[in-house]
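Subject: A structure for you to explore

Hello,

Here is the structure I promised to pass on to you. Have a look around first, and then read my notes below.

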Amino acid sequence: MYRTKTGYLGEGNIYDKHIVLHFKTDSYGICYYRIHPDDDYIQSIDFNYRINGNLFDLSNKDNNGPIRIFGDWLIDDFTDNSISLSMYDGKDKVHLNLSKTDMLPEL
């Protein structure tokens, strides 16, 4: 079973957007992203998460946001340095591959 580590930072791409997920506690984190790649402003959205077997559930209080990361993700693979997730968004199968990073990079 995959377990996140408090303070873990994972970066990846989804829907042509670069994101960084910062897992602050065992159930809460912050997603950093830019709406447009040429924006100087990095935005963030809080999320809650829960791991149940092979499912990785990401949600926020409104279960929506400017980027579509929320929902039940299937854990396809994981190592100490990465996790590969997938979900069906109603139209396509979406993949999110997060690689461990030591600091919040410039997005």
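Let's begin at a turn: β2 and β3 are joined by a hairpin, with four residues making the link. Please keep in mind as you read that this is a predicted model. The two strands of that hairpin, β2 and strand β3 (residues 28–33), pair in the antiparallel sense, and five bridges hold the pairing. If you want a spot to zoom in on, find H22, which stands opposite I30 in β3.

Now step back along the chain. Strand β1 (residues 8–14) runs antiparallel to β2, and seven bridges join them. One of the pairs to look for is Y8 with its bridge partner F23 in β2. These strands also form a hairpin, with two residues between them. Y15 sits in that turn and has a positive phi of about 50 degrees.

Is strand β2 mostly enclosed or open? Five of the seven residues of β2 (residues 17–23) are buried, so the rest of the structure largely encloses this strand.

Next, the whole picture. The protein has eight strands and zero helices. Together, the eight strands make a closed barrel in the order β1-β2-β3-β4-β5-β6-β7-β8, with antiparallel pairing. From one strand to the next, the twist averages 30 degrees. Across the protein's 107 residues, 39% count as buried.

Further along the barrel, strand β5 (residues 55–59) pairs with strand β6 (residues 71–78) over four bridges, again in the antiparallel sense. Here F56 has W73 of β6 as its bridge partner.

My favourite residue to puzzle over is D57, which is also in strand β5. What is the nearest side chain of opposite charge to D57, and how far away is it? It is R50, at 4.3 Å. A salt bridge needs the charged atoms within 4 Å, so D57 is buried yet has no salt bridge. Leaving aside neighbours within four places in sequence, D57 is in contact with N48, Y49, R50, G71 and D72.

Finally, a word on confidence. The average pLDDT of the protein is 82, and 85% of the residues score at least 70. Confidence is lowest in strand β1, with a mean of 84, and highest in β6, at 92.

Enjoy exploring, and send me any questions you have!

Best wishes

Definitions and conventions
Residues are numbered from 1 along each chain as its sequence is written. This is a predicted model: local features need pLDDT of at least 70, side-chain atom pairs count only at pLDDT 80 or more; totals for chains, interfaces and linings use all residues. Side-chain values use heavy atoms; hydrogens and water are left out. Two strands pair if DSSP finds at least two bridges between them. Axes are lines fitted to C-alpha atoms, for helices over the stretch in contact, and angles run from 0 to 180 degrees between N-to-C directions. Buried means under 20% relative accessible area, exposed over 50%, partly exposed in between (1.4 Å probe, protein chains only). Lys and Arg count as positive and Asp and Glu as negative; His and the chain ends are not counted. Contact means heavy atoms within 4.5 Å. pLDDT is the predictor's confidence in each residue, from 0 to 100.
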